[in-house]
Each structure stands twice: as C-alpha cells, then as structure tokens.
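Student: Could we go through how a model like this one is read, starting with confidence and ending with the packing?

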Amino acid sequence: MGAVQRGQLGLTIGLSLGAFGVFHAGAQAFLTGPAVARLGERWALIIGMGCELTALIVLGFATQGWVLFALAPLFALGGIGMPALQSLVTTQVGPDKQGQLQGVLASLVSLAAVGGPLFFSFVYFGVRNEWPGLIWIVGAAIYLLALPLMLGIRRRPIVAPKVSA
C-alpha cells in the first residue's frame with residue numbers, strides 16, 4: 001500500500017470516527033430528553049439497547065466496509081440508553097446515597113475501560129482469521145446478558161429519610 005493510499009485510509013477512518021461522534025453527541029443532546037419524556041426511562045433504555053444490539057448484529061455479518069457508515073445513526077440512537085439508565089438508577093437510592101451511587105458508577109466505568117479492551121482484544125485475536133465479525137456478535141451477547149439486569153430495575157419513589165425532632 002502506497003503512502004497516498006495509507007493517507008486516504010487514515011482520512012477515511014478519521015472522518016468515520018468524527019461522523020460517529022457527531023451523530024452520538026447529537027442523539028444524546030437532542031433525542032434523550034424527548035425520548036425519556038415521551039417513553040419513560042425504561043423504554044428509552046430498551047430502545048437504546050435495541051438499536052445498539054441491532055447495529056452490532058448487522059455489523060457482525062457485514063462484508064462491506066460501507067455498512068459501518070450506514071449503521072452510524074443506529075449506533076448513535078443507542079446512545080440514548082445510557083443517560084436513561086443513569087436517570088433510572090438514581091431513582092433507586094435516596095438523596096443521602098447519591099454520592100456513593102455516582103462513585104460506584106464511575107468505578108464500574110473505569111473497570112470497563114480497562115477490562116473491556118483487554119477482553120475484546122483477546123477475543124478478536126482468537127477469531128480474526130476465521131470470522132472477524134464475531135467480535136461484534138460477542139458485544140451483542142454481552143448486551144443480551146445485561147438486558148435482564150436492566151429490565152429488573154424498577155422505578156420507585158424515593159423516600160426521604162426520617163428526621164427525628
């Protein structure tokens with residue numbers, strides 16, 4: 001591959017990541033609030049997860065690179081799920097425990113940021129020669145494992161702590 005082709009490939013990858021970022025930020029900024037207001041946190045979460053699951057499965061069977069570009073809006077719609085999940089989870093604890101909850105969530109995100117790439121690198125290097133798209137199917141399977149946990153979150157009113165006089 002010549003220097004010009006490598007440069008064009010780098011530009012294409014950069015533009016695709018930029019477009020994905022713009023779609024994702026736009027979905028979270030302009031769609032999450034209306035989706036949650038209209039559907040509620042639970043359904044916004046389910047729809048977001050459904051969009052991501054669909055995109056991951058389609059990408060797992062894709063044979064052309066342009067499919068990733070076509071799926072960028074669907075992946076971005078999946079972005080409405082995380083803010084909806086955070087909203088739903090914060091209703092599970094009282095105001096005196098919000099700091100602890102946010103600390104746990106931040107720790108889980110950090111753990112996933114370390115463990116996720118290691119896990120997926122291991123899987124990818126194991127399957128890349130036979131079926132490189134399998135890595136996307138594995139991601140979808142992890143979503144499916146998380147789905148019962150997400151559906152188990154119930155919206156309940158927060159009870160204010162009793163104050164003794």
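Student: Which helix has the lowest confidence, and which the highest?

Tutor: Where pLDDT is low, the predicted coordinates should not be read in detail. In this protein, helix α1 (residues 3–30) is lowest with a mean pLDDT of 74, whereas α3 is highest at 91; pLDDT is the predictor's confidence in each residue, from 0 to 100, and helices are DSSP runs of H or I with at least four residues, numbered from the N terminus. This is a predicted model, in which local features need pLDDT of at least 70, side-chain atom pairs count only at pLDDT 80 or more, and totals for chains, interfaces and linings use all residues. Residues are numbered from 1 along each chain as its sequence is written, and side-chain values use heavy atoms, with hydrogens and water left out.

Student: At what angle do the axes of α3 and α5 cross?

Tutor: Two packed helices are described by the angle between their axes and the distance between the axes. Here the axes of α3 (residues 41–61) and α5 (residues 81–90) cross at roughly 150 degrees and come within 8 Å, each axis being a line fitted to C-alpha atoms over the stretch in contact, with angles running from 0 to 180 degrees between N-to-C directions.

Student: Which residues form the largest nonpolar core?

Tutor: In soluble globular proteins, nonpolar side chains tend to be buried together. The largest nonpolar core (buried Ala, Val, Leu, Ile, Met, Phe, Trp, Tyr and Cys residues joined through side-chain atoms within 4.5 Å; buried means under 20% relative accessible area with a 1.4 Å probe, protein chains only) has ten residues, among them A44, L45, A84 and L85. The elements giving two or more residues to this core are α3 and α5. A second, separate core of eight residues includes L53 and F75, and buried residues make up 25% of the 165 residues in the protein.

Terms used
Buried means under 20% relative accessible area, exposed over 50%, partly exposed in between (1.4 Å probe, protein chains only).
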